[in-house]
Amino acid sequence: MWIADQWTDYEVIDTSMGEKLERWGQYRLIRPDPQVIWNTPRGREWRKPNAHYHRSKKGGGEWEFFDLPDDWCIRYGSLTFRLKPFSFKHTGLFPEQAVNWDWFSSLIRGRIRSGRPVRVLNLFAYTGGATAVAAAAGASVTHVDASKGMVSWAKENAQLSGLGEAPIRWLVDDCGKFVEREIRRGNHYDAIIMDPPSYGRGPKGEIWKIEESIYPFLQRTALLLSDHPLFVLVNSYTTGLQPAVLSYMLHTVLDPLHKGTVESQEIGLPVTGNGLVLPCGAAGRWSAGQ
């Protein structure tokens, strides 16, 4: 398992009874987590959270606020991210992704040190954590997300991180349609990051189901890789896409096109209360052969 254990402004304090107790900067939140199937004793640290997201048996849920600002910021290294509680328990950041950030930022810096620029395509880019990391490492980034609000939030995170003048293209677009247009234009990228949803709808009602859509989408997206690509990263929060499935998919799509190495693992966050690790999905990584 790849573990995001370099945070100072974030931690999972404990997990129990379908929920996790987290510290985001100075604030403590209780949020549901479907992986937490154990019923372990809860200590006194659970008693006074700043907010608690209660899941409804009918689906969805709502926040209960005790003492939490409308928004606040946390840092990871030199980067700053604005957080706010919004629909379906989210805060605007997936902290487990830091383990992937560290991996690909090192690859980007290494290639740039060799005197070669790096162009990164970030698809389903959400609030731009990966975009900020790649830009801070020296890459030029194309950031694509279908939500105008998420793209605006990502721009704000870049500004907060001192990347307001970085070479980032901000695009509000359907990722599938954008990829097809880029293929027709003959554009290419040295690295591709994708964090696709488990389920979604396109602008004309097109249905995205990750189990059915991700493989043909990766096949098309792989055509955008440059002659000397650096890496491809695919994230999955869907339990059906185990690490071995991600590896198989990356091998079958990329092996005929480029020489490289594939690795896939669960990703997780350490739990400070007991020293265990909370699983948070999986990631598949392809990197260029040396």
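At 54% relative accessibility, Ser87 counts as exposed, the cut-off for that label being over 50%. The residue sits in the loop that links strand 8 (79-83) to helix 1. Ser87 and Gly61 are 26 residues apart along the chain, and their C-alpha atoms are separated by 8.3 Å. As with everything that follows, these values come from a predicted model.

Gly61 also leads to one of the sheets, since strand 6 covers 61-65. That sheet is open and built from 5 strands in the order 2-3-4-5-6, with mixed pairing. Strand 2 and strand 6 are at its edges; each has a single partner strand, so one side of each goes without a neighbour in the sheet. Ignoring direction, neighbouring strands here are turned by 20 degrees against each other on average. Inside the sheet, strand 3 (residues 19-24) and strand 4 (residues 27-32) are paired in the antiparallel sense through 6 bridges. On this pair, Glu22 stands opposite Leu29 in strand 4. In general, sheet strands pair through backbone hydrogen bonds, in either the parallel or the antiparallel sense.

Back at the edge, strand 2 (residues 10-16) includes Ser16. Is Ser16 buried or exposed? With a relative accessibility of 0%, Ser16 counts as buried, because the label applies to anything under 20%. Leaving aside residues up to four places away in sequence, Ser16 touches Val36, Trp38, Asn39, Thr40, Arg42 and Trp46.

Now for the other sheet. This one is open too, with 8 strands in the order 1-16-17-15-12-9-10-11 and mixed pairing. Its edge strands are strand 1 (2-3) and strand 11 (168-172), each of which pairs on one side only. Strand 1 pairs with strand 16 (residues 260-270) in the parallel sense, over 2 bridges. Here Trp2 has Ile267 in strand 16 as its bridge partner.

Two helices pack on this sheet. Helix 2 (residues 129-136) touches strand 9 (119-123), strand 10 (140-145), strand 11 and strand 12 (191-194), and the direction of helix 2 makes about 170 degrees with that of strand 10. Helix 3 (residues 148-160) touches strand 10 and strand 11, and its direction makes about 160 degrees with that of strand 11.

Strand 9, one of the strands touched by helix 2, is mostly covered, with 4 of its 5 residues buried. Strand 9 and strand 10 run parallel and are joined by 5 bridges. Asn122 is paired there with His143, its bridge partner in strand 10.

At the strand 1 edge, what does Met1 touch? Residues up to four places away in sequence aside, the contacts of Met1 are Gln265, Glu266, Ile267, Gly268, Val277 and Pro279. Ile267 is also the bridge partner of Trp2. Met1 itself lies in the segment before strand 1 and is partly exposed, at a relative accessible area of 39%. Met1 and Val172 are 171 residues apart in sequence, with 33 Å between them in space, C-alpha to C-alpha.

Helix 2 also has a helix partner. Helix 1 (residues 98-113) packs with helix 2 at an angle of about 30 degrees, the axes being 9 Å apart. That angle makes helix 1 roughly parallel to helix 2, because the label covers angles under 35 degrees. The crossing of this pair is right-handed. On the helix 1 side the contact uses Trp101, Phe104, Ser105, Ile108 and Arg109, which meet Gly129, Ala130, Val133, Ala134 and Ala136 of helix 2. Sorted by class, the contact holds 7 nonpolar, 2 polar and 1 charged residues.

A second helix pair is formed by helix 5 (residues 210-222) and helix 6 (residues 243-254), whose axes come within 10 Å and cross at roughly 40 degrees. Helix 5 is therefore oblique to helix 6. The crossing of helix 5 and helix 6 is right-handed. Helix 5 contributes Ile214, Tyr215, Leu218, Gln219 and Ala222 to the contact, and helix 6 contributes Met249, Leu250, Thr252, Val253 and Leu254. These residues divide into 8 nonpolar, 2 polar and no charged.

Definitions and conventions: Residues are numbered from 1 along each chain as its sequence is written. This is a predicted model: local features need pLDDT of at least 70, side-chain atom pairs count only at pLDDT 80 or more; totals for chains, interfaces and linings use all residues. Side-chain values use heavy atoms; hydrogens and water are left out. Buried means under 20% relative accessible area, exposed over 50%, partly exposed in between (1.4 Å probe, protein chains only). Contact means heavy atoms within 4.5 Å. Two strands pair if DSSP finds at least two bridges between them. Axes are lines fitted to C-alpha atoms, for helices over the stretch in contact, and angles run from 0 to 180 degrees between N-to-C directions. Angles under 35 degrees count as roughly parallel, over 145 as roughly antiparallel, 65 to 115 as roughly perpendicular and the rest as oblique. A crossing is left-handed if the near helix is turned anticlockwise from the far one by less than a right angle, and right-handed if clockwise. Ala, Val, Leu, Ile, Met, Phe, Trp, Tyr, Cys and Pro count as nonpolar, Asp, Glu, Lys and Arg as charged, and the others, Gly among them, as polar.
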